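Subject: Structure for your review

Dear colleague,

Please find below the structure I agreed to pass on to you. I would be grateful if you could read the notes beneath it with the coordinates open.

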Amino acid sequence: MSDLIAPCPTDQGATRRVMIVGGGYAGTTLAVTLGKALKRRPRDGVEVILVERNPCQQALSELDLVAVGPEAPEFCELWLPAALKKLPVRTCFNRVKHMDPLQRTVTLEGGHVTDYWRLVVCTGAVPSVPPVPGLSEHALTMWSVEDAQELQRRVNGQLKLAARMPSADQRRDALSITVCGGGATGVEIVGTIGQLLPKRAAEIGLDASDLRITLVEGRDAILFDLPEAQRTIALRRLRKLGVEVVTGSMIARVSHDHVTLADGRNVPASVLVWAGGAKADPHAAGWGFEIDPTGRIVTNPDLKTAGFDDVYALGDVAGFHDPKTQRIVPMLAQFAIKQGAQAAKNILAEIDGTPTHAWLPHQLGEFVSIGPSWGVGWAGGVRLSGVAAILMKRLTYVLYWWRVGGFKLAFARGREMLSMQR
Ligand SMILES: Cc1cc2nc3c(=O)[nH]c(=O)nc-3n(C[C@H](O)[C@H](O)[C@H](O)COP(=O)(O)OP(=O)(O)OC[C@H]3O[C@@H](n4cnc5c(N)ncnc54)[C@H](O)[C@@H]3O)c2cc1C
């Protein structure tokens with residue numbers, strides 16, 4: 001096992017080491033943007049290291065397709081060595097165990113300690129699972145390719161089981177797939193299940209009526225971040241896909257085959273997905289940074305952490321306060337990407353001895369997929385639904401792949417996505 005623990009491949013001559021911890025949307029954008037700038041105009045003594053526990057970035061926003069679509073995890077993976085191969089960025093595939101901003105050091109799994117000139121914390125978020133009896137034992141969360149593959153495995157197992165069952169009631173119980181959480185993540189997962197699962201069921205001789213697909217949301221409506229008219233459209237679409245939407249009561253208990261709501265209703269659930277929320281990487285709270293009440297690292301307008309002029313925090317782990325709305329920016333890939341780009345500019349400015357600049361969040365739009373070929377949302381004040389909305393959502397990600405992986409990768413991803421529009 002110890003052979004698998006990578007030390008940091010540091011350049012002993014470097015006087016300004018930039019350590020980026022976490023190669024998700026924020027960290028990868030930063031590493032690529034900084035790498036390209038340093039390739040164009042190298043600066044003396046500067047070294048950039050990206051520390052990431054996986055050798056590939058997992059694009060979390062596409063997990064629903066891995067969970068229910070064709071078995072193709074590579075669909076949402078970006079191999080970091082390939083993306084960074086021509087850039088002056090070193091990669092270190094290891095987990096950061098500890099950060100000490102007072103000593104300016106980072107400790108890796110295996111005990112290696114590395115110092116830095118600038119540290120960028122981009123370690124993302126984790127699912128937030130409330131202490132509801134039975135929930136953590138029986139529910140799957142959706143936060144990695146492995147989670148998505150586990151959902152695929154469980155659903156396949158239930159399909160095979162149901163195919164051997166003689167009664168329709170037994171089959172519906174065996175194939176009761178329930179997703180808890182009516183935010184974008186839960187709606188995307190249940191929508192993809194609603195669109196693709198009947199086709200899979202038909203392939204093994206089952207009927208759409210053998211499936212019972214349910215979305216449970218504790219509040220009175222789903223997709224609270226979207227305008228009301230869009231929520232109604234989304235609800236209609238889910239119902240059209242055969243998804244039953246249960247709102248207005250929190251879950252109180254979970255057993256191996258059903259969920260009990262606080263108002264006493266029972267919802268069958270032979271497979272249960274918990275998509276009820278996320279919280280910032282909990283390790284960050286133990287690293288000496290100022291943490292806001294929601295668990296995110298408090299950041300300044302230029303994306304540096306409060307109290308440490310040599311540490312930035314970006315993406316889901318960072319609690320950036322939007323000066324216009326007075327709210328903390330939501331945990332969304334689009335913000336993580338933009339922060340990654342701004343942090344690259346600020347770090348280059350610091351390398352060159354010029355001032356850093358404040359980052360101003362600007363939400364260009366928001367799209368939620370409901371099945372691989374349908375979406376709902378808005379962009380630039382225009383509300384969209386259907387194919388136009390899903391194309392907008394996919395376009396955002398193709399542009400991201402282009403930015404970090406180049407045209408070939410974006411083209412390949414675009415083609416894969418179009419092949420799923422069925
Ligand atoms: C199922 C799902 C669907 C989503 N859909 C959308 C969507 O449609 N649109 C949207 O805008 N957003 C969506 N999001 C949210 C979006 O994915 C996140 O906001 C985004 O990933 C945040 O980027 P990040 O760089 O902060 O974190 P991440 O992309 O999560 O990256 C964090 C990285 O840090 C690494 N890491 C963590 N700890 C350590 C450590 N100690 N040492 C080394 N490496 C570490 C992790 O391995 C990971 O690669 C979705 C999220 C989920 C879970």
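The notes that follow cover the domains, one sheet and one helix.

Please bear in mind throughout that this is a predicted model.

Domains. The domain assignment of the chain gives three parts: domain 1 covers 2-126 + 279-363, domain 2 covers 135-276, and domain 3 covers 364-422. Taken over C-alpha atoms, the centres of domain 1 and domain 3 are 25 Å apart. Contact between these two domains involves 15 residues of domain 1 and 12 residues of domain 3. On the domain 1 side, α1 (25-40) and α9 (333-351) each contribute at least two residues to the surface that touches domain 3. Of the elements there, α1 gives the most, with three residues. Sorted by class, that side of domain 1 has seven nonpolar, seven polar and one charged residues.

The sheet. Three strands, in the order β25-β26-β27, form an open sheet with antiparallel pairing. Strands β25 (365-369) and β27 (382-386) are at the edges and have a single partner strand each, so one side of each is left without a neighbour in the sheet. From one strand to the next, the twist averages 10°. Strand β26 comprises residues 375-379 and is joined to β25 by five bridges, the two running antiparallel. Within this pair, G365 lies opposite A379 of β26. Helix α10 (residues 387-419) packs on the sheet and touches β25, β26 and β27. The direction of α10 makes about 105° with that of β27.

Helix α8. This helix consists of 13 residues, 228-240. At 1.5 Å a residue α8 should span 18 Å, and its end C-alpha atoms are 19 Å apart, which agrees. Which residues of α8 are buried? They are Q230, I233, A234, L235, R237 and L238. The cover over these buried residues includes α7 (184-203), β13 (212-217) and β14 (243-247). The strands β25, β26 and β27 are also among the elements that cover them, and these are the strands of the open sheet described above. After α8 comes G242, which has a positive phi, near 90°.

When you go through the model, I would suggest looking at the cover of α8 together with the sheet, since both passages refer to the strands β25, β26 and β27.

With kind regards

Technical notes: Residues are numbered from 1 along each chain as its sequence is written. This is a predicted model: local features need pLDDT of at least 70, side-chain atom pairs count only at pLDDT 80 or more; totals for chains, interfaces and linings use all residues. Two strands pair if DSSP finds at least two bridges between them. Helices (H or I, at least four residues) and strands (E, at least two) are DSSP runs, numbered from the N terminus. Axes are lines fitted to C-alpha atoms, for helices over the stretch in contact, and angles run from 0 to 180 degrees between N-to-C directions. Two residues are in contact if their C-beta atoms, placed from the backbone, lie within 7 Å. Domain bounds come from an automatic or database domain assignment. Ala, Val, Leu, Ile, Met, Phe, Trp, Tyr, Cys and Pro count as nonpolar, Asp, Glu, Lys and Arg as charged, and the others, Gly among them, as polar. The expected span of a helix is 1.5 Å times one less than its number of residues. A residue is buried if 20 or more other C-beta atoms lie within 10 Å of its own, exposed if 12 or fewer, and partly exposed in between; C-beta atoms are placed from the backbone.
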